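Reader: I am new to this structure and would like a close look at a single part of it, taken slowly and with each term explained. Could you choose the part and set it in its surroundings?

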Amino acid sequence: LIRPITDLRNTNEISDFCHAQREPVFITKNGYGDLVLMSMETYEDMFETARTDAAIAASEAEYKRNGRLHDVKDTFDELRSKYLG
């Protein structure tokens with residue numbers, strides 16, 4: 001949804017839309033993009049997706065560098081012994 005900055009006077013309407021649709025509202029000023037508004041839930045979902053994507057990219061880059069994969073069972077066993085004694 002794209003709305004002009006003057007519509008920010010209708011904060012309840014914009015808030016209700018953001019929560020109901022779970023998507024951002026793009027605010028324009030003088031015909032150009034200026035702000036993006038979204039619910040906290042949508043922001044947190046986007047942030048978590050970005051963190052997951054970054055972790056996957058880092059893992060892929062590490063694999064390209066050294067070509068080594070780690071067995072999940074071995075890794076958990078090492079972590080358990082290191083942190084749980």
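Author: What follows is a close look at the residue R22 and its partners, set within the whole protein and compared with other places along the chain.

This is a predicted model, in which local features need pLDDT of at least 70 and side-chain atom pairs count only at pLDDT 80 or more, while totals for chains, interfaces and linings use all residues. Residues are numbered from 1 along each chain as its sequence is written, and side-chain values use heavy atoms, with hydrogens and water left out.

The protein has 3 helices and 3 strands, and along the sequence they follow the pattern β-α-β-β-α-α. Helices (H or I, at least four residues) and strands (E, at least two) are DSSP runs, numbered from the N terminus. The radius of gyration of the protein is 22 Å, well over the 12 Å that the globule rule gives for 85 residues, so the protein is more spread out than a compact globule; this radius is taken over C-alpha atoms, and the rule is 2.2 Å times the number of residues to the power 0.38. The C-alpha atoms fill a box of roughly 60 × 30 × 15 Å, taken along the principal axes. Buried residues make up 12% of the 85 residues, where buried means under 20% relative accessible area, exposed over 50%, and partly exposed in between (1.4 Å probe, protein chains only).

Within this setting, R22 lies in the loop between α1 and β2. Its phi is near 55°, a positive value in a residue other than glycine, and at 42% relative accessibility R22 counts as partly exposed. The side chains of R22 and D45 meet in a salt bridge, with 2.3 Å from N to O. This pair links distant parts of the chain, for R22 sits in the loop between α1 (11–21) and β2 (25–29) while D45 belongs to helix α2 (residues 40–66), 23 residues apart. A salt bridge is a side-chain nitrogen of Lys or Arg within 4 Å of a carboxyl oxygen of Asp or Glu. D45 is partly exposed too, with a relative accessible area of 41%.

A second residue of helix α2 reaches R22, namely T42. Leaving aside its neighbours within four places in sequence, T42 is in contact with C18, R22 and E23, contact meaning heavy atoms within 4.5 Å. T42 is buried, with a relative accessible area of 6%, whereas R22 is partly exposed.

Other places help to put R22 in context. A positive phi of about 55° is also found at N30, which is not a glycine; N30 lies in the loop between β2 and β3 (32–37), and N30 is exposed, with a relative accessible area of 71%.

The structure holds 6 salt bridges, and one of them joins R80 to D77, the closest N and O atoms being 3.3 Å apart. R80 and D77 are 3 residues apart in helix α3 (residues 72–84), and are therefore separated by about one helical turn. R80 is partly exposed at 48% relative accessibility, and D77 is partly exposed at 32%.

Another salt bridge brings together the side chains of D7 and R3, at 2.6 Å from N to O, and both D7 and R3 are buried. R3, D7 and E13 are linked in a network of salt bridges.
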